[in-house]
Amino acid sequence: MIKLSQERNKSLLAVHGWSAVFLGLLLYAVILTGVASVFAKELGDWSSPLSEPVTDPFRPGTDRMMREFAASVDPQYHEEFFFFPRAGDRLYAFFHKHETDEKGKPRERGVAAEFDPLTQTEIERREGTDEEVDAGDRANALGDFMVELHVRLHLPNPWGLLLTGVLGLAMLVAAITGFLVHRHLIKELFTLRRHKEKLLSVRDTHVIAGTWNLPFAFILAFTGSYFSFGSAFGIPAVAMVVFGGDQEKMIETVIGNPPKEDKTPAPMADLDRMIADVRGRSDATLGFVTVQHWGRADSLVTMFMHYPEDKLMGPTYVYGGATGEFRYAKPNLGLQPSTGGALFELMAPLHFGNFAGVFSKSAWFALGFAGAYVTITGLMLWTLRRREERGWRHLARATVWVGYGLPLALVAPAFAYFPLREAGAMVHGPMMTTFLLVSLAAAAVAWGLRSLTLARRVLLGLSGLSLLLLPLVRLLAGGVGWGQAFEAGLHTVLALDIAFAVGGLLCLISALRRPPVPAAASADSDLDKAVEA
């Protein structure tokens, strides 16, 4: 056993505690952005709807649109092609080839276009690398911003994925140890006592929310770590060892579509006929279509289906691109059903909660929100216990900053997005700038106000006001009106406007509500001592 002086031991314990709080705040950020990302598709439908709801993005005429698009694209980009519905159910299509950048990393280069399935006309076209194409995407920018913040914290690869993977493992450890330390698990599921002391009430709500959330936290942490580490290290490692660094060859082999090469030119078969055929084979709905080697005899068309409502896994069907004939059904991983393939397929629906539409997404949103609440209240309780130690004062302020400033910073990019999108300008850079500036302003509030209780109320009130103003900003920036949305059946626009307004009102009520005098005095005393004692 290493012998340490009392002063050195105290310093190491302080470093240990500070690092735990730092990781906890990052974990809270990942969870909260994940909560917002659950409805990323709905955010796109709300912020960039088409004139009418699209009941079928893959309606007859899709073949003509894609064939005309292919004819207008340089044949060098016919190596691979995919199309699928995005914001407002506009069809997004991308012809591209695979290449490596100056650092040897794989990337795609090609031509992307968006189509209106209602009029079957091209809306917009962009050309360049996959990063350049994504940077010019305005219709999906708001939802993509949330997803990218959740998945990578907007850090470069692979560091963002590595960090979120580590945070996922930390959450996994917290879920397991939480299960072990809750000796009265069943009792704590229903124990919510009333206390005069606010701090004790917060502890009870923290425990009950954490207890109910344990199974979900385990699932979310496990699947999230899988995606982060698999993308950042798993695929490159396997590709390097088995396939000499060729990630594309590895994916083709593992996914199960390694056709014999035949570069003989051959016209593509009718995509409409293949889409009609695949719909007769399953009660699942078509979600994503890929085409390998467009215009060649060895072309393959793979159709990925959304999960049927009573299942967690959807089928995948493969067609010959030149003949249009059905070839085989397959799991997402490999050619034959397997336990490993089934587990692989379960990862996505369990992590994203999209297996039963809006109902499962709403459940995942609520459970994720509970997870964020457990994380931030745990950090608040942890910092308050150490309020007498000078080193913890700034950590208490950092907890308030991240806990109540991050929601405000997540709402702020929408205020840059709508006017810039209406002006036809680039939106991704200004959205990030707005996010960072509002984050800095929230930090100024957290460290500038003497009372942490007041800082919390100011940040919470600003978040509520921002949420209330979101529908108005959308309308002023040329968004569809409520009457028109109701008549056209754009229910997502109405639903999210109402949700933002209700959420804003709840935040304002919480910020303005003053508890009874004794409780308020106790709460202010406990919070302020964390930085002022």
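**Exercise 1.** In this predicted model, work out in which sense strand β1 and strand β5 pair, and over how many bridges.

*Solution.* Start with the two stretches: β1 covers residues 80-85 and β5 covers residues 286-292. Following their bridges gives 4, and the pairing is antiparallel. For a landmark in this ladder, look at phenylalanine 83, which stands opposite valine 289 in β5.

**Exercise 2.** Now place this pair in its sheet: what is the strand order, and which strands form the edges?

*Solution.* Reading across, the order is β4-β3-β2-β1-β5-β6-β7-β8, an open sheet of 8 strands with antiparallel pairing. Next, find the strands that pair on one side only: these are β4 (121-129) and β8 (326-330), the edge strands. Stepping from one strand to the next, the twist averages 20°. Finally, add the helix that packs on the sheet, α3 (residues 62-71). Helix α3 touches β1, β2 (91-100), β3 (106-116) and β4, and its direction makes about 35° with that of β2.

**Exercise 3.** Describe how helix α14 and helix α15 cross, and what kinds of residues make their contact.

*Solution.* Take the axes of α14 (residues 413-423) and α15 (residues 428-448): they come within 8 Å and cross at roughly 150°. Angles over 145 degrees count as roughly antiparallel, so α14 is roughly antiparallel to α15. The crossing of α14 past α15 is right-handed. Then list the partners: Pro413, Ala416, Tyr417 and Leu420 in α14 meet Pro430, Met431, Thr434 and Phe435 in α15. Sorting the residues of this contact gives 7 nonpolar, 1 polar and no charged.

Conventions:
Residues are numbered from 1 along each chain as its sequence is written. This is a predicted model: local features need pLDDT of at least 70, side-chain atom pairs count only at pLDDT 80 or more; totals for chains, interfaces and linings use all residues. Side-chain values use heavy atoms; hydrogens and water are left out. Axes are lines fitted to C-alpha atoms, for helices over the stretch in contact, and angles run from 0 to 180 degrees between N-to-C directions. Angles under 35 degrees count as roughly parallel, over 145 as roughly antiparallel, 65 to 115 as roughly perpendicular and the rest as oblique. A crossing is left-handed if the near helix is turned anticlockwise from the far one by less than a right angle, and right-handed if clockwise. Contact means heavy atoms within 4.5 Å. Ala, Val, Leu, Ile, Met, Phe, Trp, Tyr, Cys and Pro count as nonpolar, Asp, Glu, Lys and Arg as charged, and the others, Gly among them, as polar. Two strands pair if DSSP finds at least two bridges between them.
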